[in-house]
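Here are a few exercises to work through with the model open beside you. Try each task before reading its solution.

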Amino acid sequence: MTFKFIRFFFVFALLSLSLRAQSQNFGGNPNRIKYQQIDNDTVRIIFPEGLDYWAQRVANLSLYQASMLDSSLIVAPFKTTIIIRNTSTISNGFVAYGPYRSEYFSTAPISQFSGASPWVDLLHIHEYRHILLESKVMNGRKWAPEHILLGQYGWSVVNFALLPNWYFEGDAVKTETLYSYTGRGRVPRFYMEIPALRKNGKKFTFEKMRAGSYKDQVPNHYSLGYHMTSYMEVLNGKSAWNEITNRSIKKYALISRSEKKLYGLTNRSLYDSTMSYLDSYFEDSIALKDSIIRGYDPSNFTNYELPKILSDGRVLYLKGDQKNIPAFYIFDGEKEKKLYVPSMIHNDHWYDVKEDLLLWTEYLPDLLWQNEDFSSLKILNIKSGKASYLGTIKSKFFYPKWAEDDSNIGVIESNENTKQFLVLLDINGTELKRYEIEEGTFISSIVRIIGNEFWIVKNNDEKAQLVSINIETGENKPLSQALAASINHPVYNDGFIYFSSNVDIQEQILSLNIDKQEFKIMTDAPFRAIDPAIKKNKLIYIAYEGAGYSIREKDLQAIETFSPQDPTIAFYSELEGDNFTSILNDVPQINYPTKKFKKSKEFLQFHSWIPYFIPPNFGLTLLTANKIGTFEGELTYVYNTNEGASQFIGQVNYAQIYPKLFVGASYTLNRNANKTQFPFDQVNSSFNGRNWNESDFFTGAVLPFYLSRGKWNRYLSFETSVHYLTAYYNEYNSQFQDLSFPFENSRLYFYNFIRQARRQIRPRWGQSILLDQSQSFDPAIASEFYVLSSFYFPGLFKTHSFLISPSYKYEPQDLQYFYLDPFPSSYGYIKYGALNAYRLLIKYSMPLWYPDVAIPGLAFFQRLYASAFLDQSYFTSPGYISETQVSFGIELNVNMVILRILPFEIGLRSFYLLNPTIDQDPLGFELLFYGFSF
């Protein structure tokens with residue numbers, strides 16, 4: 001057996017445990033959405049009615065991008081289905097297998113730190129690059145072992161195993177940068193993360209940059225991959241990655257081996273060379289001379305955002321770090337006071353304040369549909385500390401701004417067709433006026449509101465411009481020339497507009513003299529100066545310093561005049577060539593025919609096999625799903641080592657309507673009551689020693705409710721099902737008669753968790769409760785009820801956790817049938833069958849060490865944490881002696897990343913039993929396998 005073959009099956013086994021992490025939120029889209037489609041030789045676009053403009057744009061971009069002669073990735077494109085979603089306010093996109101498709105979330109990010117190009121254009125360039133790269137995998141390994149064994153998920157195994165996520169995402173970011181004027185490689189917020197860290201002494205190893213850390217703020221794999229993929233092309237030419245990926249996919253070779261074979265580099269040596277290259281761009285001294293209002297703790301990455309000056313001179317700002325979730329704070333020059341913890345899910349945390357009223361927009365999920373959410377206006381009275389939603393909560397408002405001359409509020413609204421509106425509201429949130437923005441133009445900021453006049457940042461043709469719009473008359477007046485870079489968080493003061501934008505490779509605060517039409521540079525930050533605010537004759541701003549953000553101030557004096565620049569790519573300008581132009585200017589405008597999309601044609605499309613190894617169950621599942629996410633099903637075989645039983649299960653789920661519906665059947669061979677311990681009258685029990693097969697036919701419904709608000713993540717679901725079960729006892733023993741009976745199962749699940757900071761092991765506050773009732777229609781046959789719950793409390797320090805977990809089960813022992821027992825036993829014990837079972841687990845957890853050490857290529861150890869526990873169970877049945885189990889001990893757990901791919905947690909539990917059985921050692925140990933956290 002070759003080493004390649006061994007490696008394949010090792011990676012195959014590990015990744016198969018995590019493949020379902022790619023799945024969409026099944027049934028998460030409201031059923032009111034009517035879909036259309038465009039179908040050509042390159043792609044099929046499925047899109048909601050009303051999104052025709054962007055569907056045609058995506059179809060044309062796909063055809064154009066597929067035909068480009070890009071030597072960095074030469075491939076025949078695999079025809080792909082692209083689904084455009086329009087109900088979420090979170091801007092995102094992905095390409096996934098099972099079933100193979102790409103999905104775009106069309107609401108644009110309001111934050112223009114991401115650039116001034118149209119959102120869907122940039123998103124498509126990025127995601128279609130993934131499609132082309134995955135086409136190389138699918139075309140190259142169509143009949144390879146992993147595809148035959150796993151179906152479409154087999155291609156996913158290759159992507160995870162051979163093409164690391166830093167390359168996969170870095171290549172796409174590099175492409176969006178080289179194909180447009182405003183991709184992330186032209187945005188300092190993105191490309192400055194790693195250089196700034198290194199110049200502040202945070203020169204992390206390649207292993208740490210790949211795995212991430214609880215100790216330090218580590219840029220994600222997008223940033224790492226962009227720099228490494230770009231520098232490889234600087235060193236070895238544009239075709240380097242095409243040759244590397246060809247070899248890796250063909251030979252099932254790790255990408256580092258192909259780099260070594262072709263160019264004498266490994267991932268680690270490429271990383272070292274890239275970092276040295278970036279270091280050379282900066283001088284040794286990077287100190288900021290401007291005075292500090294609020295500094296940062298380099299051991300606890302602090303993020304300050306958006307300082308605002310209150311009428312009494314105090315500074316209001318957002319702050320978060322690795323121990324605390326973001327919150328509003330007020331600083332009076334001496335003391336800092338926490339004001340309020342908002343929900344800030346969106347990628348622009350903008351807020352505005354006037355007198356003592358603070359405005360922001362807050363993420364809110366729809367009650368019934370998981371993929372629908374809103375951006376709702378919220379107002380906080382700073383004096384009283386009371387916050388409330390303003391107007392309707394089912395809104396998609398962004399970037400709220402107080403009007404200058406009254407109590408009105410201006411917002412940017414985005415509807416489901418991605419059209420934008422400028423909307424004027426009164427103090428109660430009632431709409432007064434609205435103005436529709438033309439298609440293809442994007443508004444990213446509101447600078448000022450005077451009556452019906454909105455000063456805004458208008459983004460068009462990949463440029464940003466300050467413009468005045470009268471929302472009543474429609475009159476447009478330019479306030480500045482257009483810039484080939486974003487205009488970020490502009491503020492007005494005394495005839496000047498202050499904002500941040502690109503200056504060379506840095507981001508600086510600029511000023512615009514409106515009358516003179518003159519730009520000037522206000523700051524000299526080595527990396528980034530952002531979020532300006534004016535306090536009398538002082539400029540207050542946020543400085544990004546690599547190891548954290550600080551709030552600084554300086555005199556309101558310009559450094560030098562600024563001349564608008566052509567768009568440029570930082571660090572890797574040689575990759576552009578001499579005649580660079582954005583492809584977005586050359587995309588054809590073919591008007592493709594559209595037709596209604598019929599979901600019914602997508603049913604029963606089997607796409608993958610997936611094995612799983614979760615002791616005591618081992619099995620294999622065949623999966624089917626439609627791409628639109630309204631139907632899924634599976635056929636599963638499971639072997640249970642506890643009972644020696646084999647089970648075959650088939651189930652289909654339908655979620656086009658609410659509630660979600662399911663129907664299925666199972667058949668189990670060789671259930672064995674001898675495997676279950678019954679200490680109460682075990683000899684005379686009528687159930688003891690019984691073997692049987694059983695069949696179960698069932699149907700039911702699930703009603704999920706998404707209740708998250710503010711800093712709380714909440715969820716509630718009800719599930720009910722009706723079953724008809726037959727136990728075939730006679731096949732094993734003729735003295736027992738077969739048993740057939742109907743029963744119902746009802747389940748309620750609720751959780752309520754406060755959001756966690758990075759270093760917190762568990763939520764500081766939270767509750768989780770599961771109630772489950774199974775009851776035969778004839779109460780003399782079978783009955784079971786249980787409650788599993790957990791309650792979370794703060795520990796002595798911010799990163800500590802205190803957990804209390806009570807559980808209860810009721811199951812009569814004199815009935816004719818026992819359901820599978822879900823009740824957890826106390827640590828170190830075997831659970832008993834009893835009428836009443838009680839358990840109370842108390843656990844205190846704390847971090848011990850953030851080692852950030854690696855076994856190169858195998859594992860990176862991020863965190864060691866310990867837990868002390870007391871675990872007690874009590875079992876009782878009428879007429880029998882009760883039983884008590886008590887154990888206490890400690891756990892040591894390690895968070896790690898293995899094979900540079902898989903987040904993983906493992907632990908060791910040591911327990912002492914206060915009342916062990918006669919043949920039981922009171923001191924014991926258990927290996928804890930928590931699994932993969934994809």
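**Exercise 1.** Decide whether Arg-909 and Glu-891 are buried or exposed, and work out what joins them.

*Solution.* Start with accessibility: Arg-909 is buried, and Glu-891 is buried as well. Keep in mind that this is a predicted model. Next, look at the side chains, where a salt bridge links the two residues, with 2.8 Å between the closest N and O atoms. Finally, place the partners: Arg-909 belongs to strand β47 (residues 902–913) and Glu-891 to strand β46 (residues 883–898), so the pair links distant parts of the chain, 18 residues apart.

**Exercise 2.** Find the salt-bridge partner of Arg-32 and say which parts of the chain the pair ties together.

*Solution.* Begin with the partner: Arg-32 meets Glu-372 in a salt bridge, at 2.4 Å from N to O. Then locate both ends. Arg-32 sits in the loop between α1 and β1, and Glu-372 in the loop between β12 (357–365) and β13 (373–381), so the bridge ties together parts that are 340 residues apart in sequence. Last, check the cover on each side: Arg-32 is partly exposed because its relative accessibility is 42%, whereas Glu-372, at 3%, is buried.

**Exercise 3.** Explain why Lys-536 counts as exposed and why His-489 counts as buried, then compare where they lie in the chain.

*Solution.* Take the backbone to start: phi is positive in both non-glycine residues, near 55 degrees for Lys-536 and about 45 degrees for His-489. Now apply the cut-offs, under 20% for buried and over 50% for exposed. Lys-536 has 78% relative accessibility, so it counts as exposed; His-489 has 6%, so it counts as buried. As for location, Lys-536 is in the loop between β27 (528–535) and β28 (538–544), while His-489 is in strand β23 (residues 488–493).

**Exercise 4.** Locate Asn-408 and name residues it contacts beyond its neighbours within four places in sequence.

*Solution.* First, find the loop between β15 (397–402) and β16 (409–414), which holds Asn-408. Second, read its accessibility: at 16% relative accessible area, Asn-408 is buried. Third, list the contacts outside those neighbours, which include Trp-402, Leu-424, Asp-426 and Leu-432.

**Exercise 5.** Where do the cis peptide bonds at Pro-99 and Pro-659 fall?

*Solution.* One cis bond joins Gly-98 and Pro-99, with omega about -5 degrees; Pro-99 is in the loop between β4 (92–96) and β5 (101–105). Another runs from Tyr-658 to Pro-659, with omega near 5 degrees, and Pro-659 lies in the loop between β35 (645–654) and β36 (660–672).

Note on methods. Residues are numbered from 1 along each chain as its sequence is written. This is a predicted model: local features need pLDDT of at least 70, side-chain atom pairs count only at pLDDT 80 or more; totals for chains, interfaces and linings use all residues. Side-chain values use heavy atoms; hydrogens and water are left out. Helices (H or I, at least four residues) and strands (E, at least two) are DSSP runs, numbered from the N terminus. Buried means under 20% relative accessible area, exposed over 50%, partly exposed in between (1.4 Å probe, protein chains only). Contact means heavy atoms within 4.5 Å. A salt bridge is a side-chain nitrogen of Lys or Arg within 4 Å of a carboxyl oxygen of Asp or Glu.
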